[in-house]
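Here are some comments on the model, set out as numbered points that can be followed with the structure open alongside.

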Amino acid sequence: MQIKNFKIGQNLKELTEHRTVVLPVACYETTIHQNIHGYIPLHWHDELQFVRMVQGEASFQINEEKLVVRQGDGLFINSGCLHMAEELNESGCVYICLNVSPDFVVSPELYATYVVPYIQATNLPYLYIDSKTSWGKNILDAVWNIHQWLQQKPPYFEIDMTLNLALIWKNLVMNGFQLEHDPMEAAKNRRMKEMLSWIDTHYAEKVTLDEIARAGRLSRSECCRYFKRMLNTTPLNYVIDYRIQKSLVLLQQTESNVTEVAYKVGFNSTSYFIERFRKLKKVTPLAYKKLKMDGGSIPANKG
């Protein structure tokens, strides 16, 4: 199942429920360019995430770090980490995404010993999974197995899934990481989420730098440093880009028009909305609307 429009709520936490009917697990195939934004927007969730790249290559950002994941390899993204992804080189990027609740990878008796130190570690936001290593191959094979079982639902597949989840986690922890928990780093991550949460709530209103900084309990200069380090942009430019992201869904509604959409997402000038939209998406809002009404697509561009 492809999720084309992530449901993202306060502080960019993804609201999509990652579970089957009975298990706190979801595994689906993602084609990046089919997402409504043309890329996977910034978000986070409590679930652990494992990626297996089926085709092409993609650039992932996890917190403030970036890396490229190529066909055949994979990626582990830790619980609570901000992340986004975009296709590289028009490679037709497709990956399998396995999301699982941290308290489901091992039995409850082992959770405190074998899971909690890893999800609380501030030096393990992600881990590149190299298919050429034995532990990496084991993890990627298990992700593939779980994906197939969820599609085909053979007898006793739920038991096989739980066994493979334990295998995935065992191969990850066997690498012998020197785990660290830096309270300052954890606080930075929390403050960034608080600022993003405030923007998500107030983006349609007049937004000032002082208000964003206050939401993160930071000075104006510290606020700007946070956004520069983690998102490579300024706080107010992030707000503008976020408003344009929000406008994409509204523009695809038959009854909407460009002026109404501009004001609904917080622009007080239609011409400025058109200017910024064209800069980010390389087409005008009206051209985007017509393309989507006709079932077309535009290249991903994040500015």
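**Notes on the sheet**

1. Glycine 74 has isoleucine 129, in E9, as its bridge partner. This belongs to a wider pairing, since E6 and strand E9 (residues 126-129) run in the antiparallel sense over four bridges. Please keep in mind that this is a predicted model.

2. The same kind of contact should be checked on E3, where arginine 52 has glycine 74 of E6 as its bridge partner. Strand E3 (residues 48-55) and E6 are likewise paired in the antiparallel sense, over four bridges.

3. As for the side chains of strand E6 (residues 74-77), Gly74 and Phe76 point one way while Leu75 and Ile77 point the other way, and all of them are buried.

4. Taken together, the strands form an open sheet of five, in the order E1-E8-E3-E6-E9, with antiparallel pairing. Strand E1 (25-31) and E9 stand at the edges with a single partner strand each, so one side of each is left without a neighbour in the sheet. From one strand to the next, the twist averages 15°.

5. Two helices deserve a look against this sheet. Helix H3 (residues 134-152) packs on the sheet and touches E1, E3, E6, strand E8 (94-100) and E9, with its direction making about 90° with that of E3. Helix H4 (residues 157-173) also packs on the sheet, touching E1, E3, E6, E8 and E9, and the direction of H4 makes about 95° with that of E3.

Key
Residues are numbered from 1 along each chain as its sequence is written. This is a predicted model: local features need pLDDT of at least 70, side-chain atom pairs count only at pLDDT 80 or more; totals for chains, interfaces and linings use all residues. Side-chain values use heavy atoms; hydrogens and water are left out. Buried means under 20% relative accessible area, exposed over 50%, partly exposed in between (1.4 Å probe, protein chains only). Two strands pair if DSSP finds at least two bridges between them. Axes are lines fitted to C-alpha atoms, for helices over the stretch in contact, and angles run from 0 to 180 degrees between N-to-C directions. Contact means heavy atoms within 4.5 Å.
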